[in-house]
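Here are some exercises to work through with the model open beside you. Try each task on your own before reading its solution.

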Amino acid sequence: MTLSNPHATCVTDCLAGLEAGPEGLTTPEAARRLARYGSNSLPEVRGRGPVLRFLMQFHNVLIYVLLGAAVVTGALQHWIDTGVILAVVLANAVIGFVQEGKAEAAMAAIRTMLAPKAAVLRDGQRVTLEGADIVPGDIVLLEAGDKVPADMRVLEARGLAAQEAILTGESVPVEKETTPVAAEAALGDRRSMLWSGTLVTQGTARGLVVATGAGTEIGRIGGLLAGVEQLTTPLVAQMDHFARWLSFLILLCAALLLAYGYFVGHLPFADLFMAVVGVAVAAIPEGLPAVMTITLAIGVQAMARRNAIIRRLPAIEAIGSVSVICTDKTGTLTRNEMVVAAAETAAGAFAIAGEGYAPDGAITPDGDLQQLAHAAALCNDARLHRKDGAWAVEGDPMEGALLAFAGKTGVDQAARRLDAISFDSRHRFMAVLTESAAGRLIHVKGAPERVLRMCAGLDAGHWHDRAEALARRGLRVLAFAARAEPGERIDPAALEGGLTFLGLVGLIDPPRTEAIDAVAECRAAGIRVKMITGDHAGTATAIARQIGLENPDRVLTGHDLDKLDDAQLALEVVGTSVFARTSPEHKLRLVTALQSHGLLVAMTGDGVNDAPALKRADAGIAMGLKGSEAAKEAADLVLADDNFASIAAAVREGRTVWDNLKKVISWTLPTNAGESMVIVLALLLGLALPVTAVQILWVNLITAITLGLALAFEPTEPGTMARSPRARLAPILSGELVWHVILVATLFLAAVFGVFAYAIGKGYPLALAQTMAMNTLVVLEIFHLFFIRNIHSTSLTWAAVRGTRVIWTVVIIITAAQFAVTYLAPLHAVLGTAPVPLLDGLLIVGIGGAFFALIEIEKQIRLGLRS
Ligand code: ATP
């Protein structure tokens with residue numbers, strides 16, 4: 001089975017060469033070929049191996065400082081210090097390695113959730129398969145917006161064009177046809193071929209798969225999968241930058257401190273050096289970028305669990321701050337489980353009973369709906385089949401409902417299709433030419449006003465009113481028309497004015513109950529929800545009212561939008577929630593108009609023409625089920641279930657992630673400042689160190705891997721969806737945060753020096769006083785953690801005290817570790833500690849409580865002033 005130069009070979013020979021037929025492969029044959037040719041996927045681009053990833057953990061300013069310090073302390077033969085430093089270095093690398101691995105695994109899992117699907121003929125039937133299961137010889141059905149899943153020879157093309165930039169660099173779509181081209185034609189000139197990984201921008205096609213997986217052109221150049229996502233967002237990048245900058249500043253200060261202590265304070269070099277190293281390590285927020293990355297990865301997973309799949313990580317920040325959500329109607333706000341409920345013809349109005357896609361249900365009154373039903377069945381690309389005893393649809397649910405309706409009338413559906421014009425949301429109709437017992441006929445279905453324009457010899461005004469009345473009931477309305485056609489092709493121009501009107505059909509598409517709650521939740525969260533639909537204004541208003549949108553009766557149609565210039569549109573757009581009969585081009589204008597008010601806009605889309613609006617929006621959201629690959633590629637976020645409620649869930653998770661990032665920062669910076677200032681102050685004032693350098697290293701290590709990480713796992717704070725969206729450019733390093741750093745660091749200093757002075761005053765040995773001071777530091781950090789968990793509300797609730805399992809796990813670990821270094825004799829030698837008397841231990845915990853009370857009161861005052 002070989003085929004060289006398929007682009008230069010005629011269709012029949014291509015089929016013969018691949019031992020395939022126009023009806024597709026059989027399932028057993030496809031399985032054989034899959035076993036022989038392998039899966040249609042490109043070999044994974046291998047990321048950095050584990051060894052390299054582990055070594056990269058040492059590539060970090062802090063680690064260099066520590067390694068330098070280990071060498072110096074080693075040269076001074078302070079072996080205990082050297083040992084502690086090396087232990088800290090190793091622990092840091094191991095933790096970083098494990099965290100990074102988890103974050104990468106989370107992103108990899110997300111990527112597999114976005115694996116594309118393809119429509120293929122198998123056993124003569126259209127089925128939807130994973131792209132990976134396609135084999136050479138398969139017949140693939142493609143339409144505008146699809147991503148080509150393998151290299152294929154075009155067997156059939158209608159208005160077909162593909163964008164092949166990833167392969168040829170040419171961004172203008174190339175028109176495709178079935179005629180063979182010259183054997184030596186360049187890749188970009190092989191118009192009889194479609195290439196894996198390219199996008200169909202218009203038209204429809206049938207293609208014969210000639211190469212899969214690594215055998216495709218894109219596979220040969222090893223492209224496509226190379227785009228492994230960086231685990232970062234603007235905020236994390238900004239913090240990373242900040243942390244690096246801060247590290248250098250700290251190193252500079254440390255050097256000055258060393259010089260000052262040695263030349264001015266005349267301190268012994270060895271002790272001074274260790275103290276300065278302790279300051280640097282305590283002050284550098286080394287763990288911050290890593291913990292923020294973990295926070296993001298956890299957010300990505302939480303969103304995926306709620307059916308919102310992040311494609312571009314920065315979107316996780318954007319989605320949490322949106323102030324407007326523009327959403328499609330069909331399938332997002334409604335269930336997209338359609339049922340034909342009403343039909344109207346010249347013979348009268350009919351009610352149609354029945355549920356789901358089962359082709360049985362009574363039609364009342366009895367009457368002749370044959371012609372209408374015939375049109376509904378033939379002007380249709382869907383297929384009904386029985387699955388687990390119930391009727392299911394392959395294809396568009398609306399067309400499935402039309403097939404069920406036709407079934408209820410018992411009309412004969414046998415016909416051979418000769419030509420078709422597929423539905424496009426810009427021209428809003430679909431036409432097919434078929435040959436059947438009734439002869440050669442063109443059937444058209446589409447939006448009533450569009451179809452009525454094509455018809456002659458009828459009272460258009462009457463039918464407009466009828467359509468309007470159906471729409472007001474919240475039904476989706478379609479009109480049908482027909483004409484005899486002697487030829488074999490549909491001439492689009494000949495449709496206008498030459499058709500006979502057959503009737504109207506009204507379909508129910510009930511709102512999703514969860515969308516009603518989600519809209520209410522968004523409104524409470526200060527987010528405006530706007531419906532942008534291609535449907536009729538009447539239908540849109542009826543659904544908008546059921547869903548609970550603001551001002552459902554104020555509708556702007558696509559026609560209205562065309563009459564407004566950008567300035568007028570910007571005025572109208574904020575107060576209007578329903579936009580009907582719009583085309584994808586209108587979406588782009590609406591996004592721009594909303595953004596001109598400084599609003600952060602989320603926009604949904606599914607078609608190939610929605611891509612520009614999705615790219616322009618602050619958060620572009622594509623539909624996972626009915627969305628095209630083109631829309632998914634343009635989007636930041638994909639909804640696995642097409643459900644509006646998942647957008648609301650994503651906003652909630654986005655806000656949680658942002659809060660948690662802020663909490664991680666707000667906990668880390670004051671803690672680092674407090675720890676380091678303890679030593680700096682002692683050195684500058686020439687006092688005895690209340691906490692030794694080795695102890696600072698120990699505290700820094702043990703708290704960073706426990707308390708510092710715990711905040712990444714924080715659940716959503718209550719009231720998160722009752723707050724207004726944060727301002728577009730709200731900086732994270734705000735004045736409030738700076739104030740918090742100063743306040744907490746000062747309180748840390750006061751407490752640590754206070755306890756140390758108290759202990760010395762009681763005549764305790766230096767080791768005991770230092771042990772008490774170190775424990776004070778850790779206790780304060782634990783209380784600070786509980787405080788930070790509730791930055792938007794009080795921490796004085798039972799829920800806040802009860803905490804989470806993560807919080808208590810880290811608190812227990814750290815308490816156990818502190819008890820060990822305080823009371824286990826072998827560790828006394830390492831850290832220079834001594835057992836603390838019980839009452840003094842209680843005093844330390846009491847000081848932590850007092851610290852907590854102070855900052856909590858300060859927060860209450862601050863929150864009170866703000867509201
Ligand atoms: P949304 O943008 O919220 O998904 P929609 O699905 O109603 O709304 P379009 O798909 O653009 O938007 O459809 C616009 C109109 O075109 C529909 O109201 C209907 O009248 C008509 N229409 C939709 N699908 C078809 C189809 N397959 N064949 C013929 N006409 C259709």
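**Exercise 1: a salt bridge within a helix**

At 27% relative accessibility, Asp240 counts as partly exposed, a class that lies between buried (under 20% relative accessible area) and exposed (over 50%), with a 1.4 Å probe and protein chains only. Before going on, note that this is a predicted model, in which local features need pLDDT of at least 70 and side-chain atom pairs count only at pLDDT 80 or more, while totals for chains, interfaces and linings use all residues. Residues are numbered from 1 along each chain as its sequence is written, and side-chain values use heavy atoms, with hydrogens and water left out.

Task: find the salt-bridge partner of Asp240 and say how the two are placed in helix 8.

Solution.
- Step 1. Apply the rule: a salt bridge is a side-chain nitrogen of Lys or Arg within 4 Å of a carboxyl oxygen of Asp or Glu.
- Step 2. Arg244 meets it with Asp240, the closest N and O atoms being 3.3 Å apart.
- Step 3. Both residues belong to helix 8 (residues 234-264), where they sit four residues apart, so about one helical turn separates them. Helices here are DSSP runs of H or I with at least four residues, strands are runs of E with at least two, and both are numbered from the N terminus.

**Exercise 2: two more salt bridges**

Task: compare the surroundings of the pair Glu337 and Arg335 with those of the pair Asp535 and Arg581.

Solution.
- Step 1. The side chains of Glu337 and Arg335 form a salt bridge at 3.3 Å, N to O. Glu337 is partly exposed at 46% relative accessible area, and Arg335 is partly exposed at 37%.
- Step 2. Asp535 and Arg581 form a salt bridge at 4.0 Å, N to O. Asp535 lies in the loop between strand 20 (528-532) and helix 18 (537-547), and Arg581 in the loop between strand 22 (578-580) and helix 21 (584-595), so the pair ties together parts that are 46 residues apart in sequence.
- Step 3. Asp535 and Arg581 are both buried. Through shared partners, salt bridges join Lys329, Glu449, Arg476, Asp535 and Arg581 into one network.
- Step 4. For the wider setting, the count of salt bridges comes to 42.

**Exercise 3: strand 10 and its sheet**

Task: place strand 10 in its sheet and describe its pairing on each side.

Solution.
- Step 1. Read the strand order: eight strands form an open sheet, 12-11-10-19-18-17-16-15, with antiparallel pairing. Two strands pair if DSSP finds at least two bridges between them. Strand 12 (363-364) and strand 15 (416-421) are the edge strands, each pairing on one side only.
- Step 2. Strand 10 (residues 339-345) runs antiparallel to strand 19 (residues 500-508), joined by five bridges. Ala343 stands opposite Val505 in strand 19.
- Step 3. Four bridges link strand 10 with strand 11 (residues 348-352), again antiparallel, and Glu344 stands opposite Ala349 in strand 11. Strands 10 and 11 form a hairpin with two residues between them.
- Step 4. Check the burial: seven of the seven residues of strand 10 are buried.
- Step 5. Move on to strand 18 (residues 476-484), which pairs antiparallel with strand 19 over seven bridges. There, Ala479 stands opposite Leu504.

**Exercise 4: a mixed sheet**

Task: which strands stand at the edges of the sheet with mixed pairing?

Solution.
- Step 1. This open sheet has eight strands in the order 8-25-24-23-9-20-22-21.
- Step 2. Strand 8 (308-310) and strand 21 (555-557) are at the edges, each with a single partner strand, so one side of each has no neighbour in the sheet.
- Step 3. Strand 24 (residues 619-623) and strand 25 (residues 637-639) run parallel, joined by three bridges. Met623 stands opposite Leu639 in strand 25.

**Exercise 5: the whole chain**

Task: summarise the chain in numbers.

Solution.
- Step 1. Count the elements: the chain has 32 helices and 25 strands.
- Step 2. Along its principal axes, the C-alpha trace spans about 110 × 65 × 50 Å.
- Step 3. Of the 867 residues in the chain, 54% are buried.
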